[in-house]
Amino acid sequence: GAFSDWCLNNNIQLFCYGALAGGFITPGWLGKNDPGFAFENRSLIKYRLIIEDFGGWDLFQQLLHTLNQIGQEHKASLSAVAIRYLLDKPAVAAVIVGARNARHIDDTLAAASLQLTEQDCQAISAILAQSTGPSGLVYELERDRNGPHGRIMKYNLNQS
């Protein structure tokens, strides 16, 4: 996109966080019905809102299905495919992957040796091209305090 191009033109590399959308881009969500927005923390609600902005649960399921299909061909998880896809982007220097425990380490490290084909990348890009967002300036979603993203934020935490 435009931001990635700007980074490349200005010799800036990206450290991408949220690459697995707080755990949504994992096999556990493949084929699942829309869970709505009731989660134990705001982080999961935030990622679910981003999925909605992305194009909704159905498009998200198409993405998971595509990632899973590619993963099966490479004997890797859909999560590893997602990580590799990002790492292969010219402006991306690293991907930050959060983990609640060590059981995901091998799966995450598999992305390092995974080699996606041009067809793999085209299949993923075709789904991403259908996305409707999110778009706009960085943090713009949170600045709209009445919008779905702003309503879950906590503001002025330094005030007593």
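What is the volume of the second largest pocket? About 640 Å³ is the figure for this pocket, and the views below, all taken from a predicted model, start there.

**View 1. The second largest pocket, at about 640 Å³.** Look for Gly 22, Gly 23, Thr 26, Gly 98 and Arg 100, which are the closest to the centre of this pocket among the 26 residues that line it. Helices α2, α4 and α5 (105-113) are the elements that give two or more residues to this lining. The largest share, 3 residues, comes from α2. Sorted by type, the lining holds 12 nonpolar, 11 polar and 3 charged residues.

**View 2. The largest pocket, with a volume of about 2100 Å³.** Here 46 residues form the lining, and Cys 16, Tyr 17, Gly 18, Ile 50 and Pro 134 lie nearest the centre. Many parts of the chain take part: α1 (2-9), β1 (14-17), α2, α3 (57-74), α4 (78-87), α6 (118-128) and α7 each supply at least two residues. Helix α2 gives the most to the lining of this pocket, with 7 residues. By type, the lining residues of the largest pocket divide into 32 nonpolar, 8 polar and 6 charged. How are such pockets found at all? Rolling a probe the size of a water molecule over the atoms shows where empty space is left.

**View 3. A salt bridge between two helices, α7 and α2.** Follow the side chains of Glu 142 and Lys 46 to the place where they meet in a salt bridge, with 2.7 Å from N to O. Glu 142 belongs to helix α7 (residues 140-143) and Lys 46 to helix α2 (residues 42-54), so this pair ties together parts that are 96 residues apart in sequence. Are these two partners buried or exposed? Both Glu 142 and Lys 46 are buried.

**View 4. A salt bridge inside helix α2, between Arg 48 and Glu 52.** The closest N and O atoms of Arg 48 and Glu 52 are 3.0 Å apart. Both residues sit in α2 with their positions 4 residues apart in the count, about one turn of the helix. Arg 48 is buried, with a relative accessible area of 0%, whereas Glu 52 is partly exposed, at 38%. Asp 34 joins in as well: Asp 34, Arg 48 and Glu 52 are linked in a network of salt bridges.

**View 5. The salt bridge of Arg 84 and Asp 88.** The side chains of Arg 84 and Asp 88 meet at 3.0 Å, N to O. Arg 84 is buried, with a relative accessible area of 13%, and Asp 88 counts as partly exposed at 37%. How many salt bridges does a search of the whole structure find? The search finds 4.

**View 6. Strand β1 beside strand β2.** The strands β1 and β2 (residues 92-96) run parallel and are joined by 4 bridges. To trace one of them, start at Phe 15 and find its bridge partner in β2, Ala 94. Strand β1 has two faces to compare: Leu 14 and Cys 16 form the covered face, while Phe 15 and Tyr 17 form the uncovered one.

**View 7. Cysteines without a disulfide.** A disulfide is a covalent bond between the sulfur atoms of two cysteines. The count for this model comes to 0. Why is Cys 7 not bonded to Cys 16? Cys 16 has the closest cysteine sulfur to that of Cys 7, but the distance is 9.2 Å, too far for a bond. Cys 7 is buried, with a relative accessible area of 1%. Cys 121 is in no disulfide either, as the nearest cysteine sulfur, that of Cys 16, is 15 Å away. Cys 121 is also buried, at 19% relative accessible area.

**View 8. Three spots in the backbone: Asn 11, Lys 75 and Pro 134.** Most residues other than glycine have a negative phi, and most peptide bonds are trans. Asn 11, in the loop between α1 and β1, has a positive phi, near 55 degrees. Lys 75, in the loop between α3 and α4, has a positive phi near 55 degrees. Asn 11 is exposed, with a relative accessible area of 72%, and Lys 75 counts as exposed at 79%. Now move to the loop between α6 and α7, the place of Pro 134. The peptide bond from Gly 133 to Pro 134 is cis, with omega near 0 degrees.

Note on methods:
Residues are numbered from 1 along each chain as its sequence is written. This is a predicted model: local features need pLDDT of at least 70, side-chain atom pairs count only at pLDDT 80 or more; totals for chains, interfaces and linings use all residues. Side-chain values use heavy atoms; hydrogens and water are left out. Buried means under 20% relative accessible area, exposed over 50%, partly exposed in between (1.4 Å probe, protein chains only). On a 1 Å grid over the protein atoms alone, a cavity is a set of points where a 1.4 Å probe fits but cannot get out, and a pocket is an open set with protein on both sides within 12 Å along at least five of seven lines; lining residues have an atom within 4 Å of a point. Grid points are joined across faces, edges and corners, and a volume is the space filled by probe spheres set on the points. Ala, Val, Leu, Ile, Met, Phe, Trp, Tyr, Cys and Pro count as nonpolar, Asp, Glu, Lys and Arg as charged, and the others, Gly among them, as polar. Two strands pair if DSSP finds at least two bridges between them. A disulfide is a pair of cysteine sulfur atoms within 2.5 Å.
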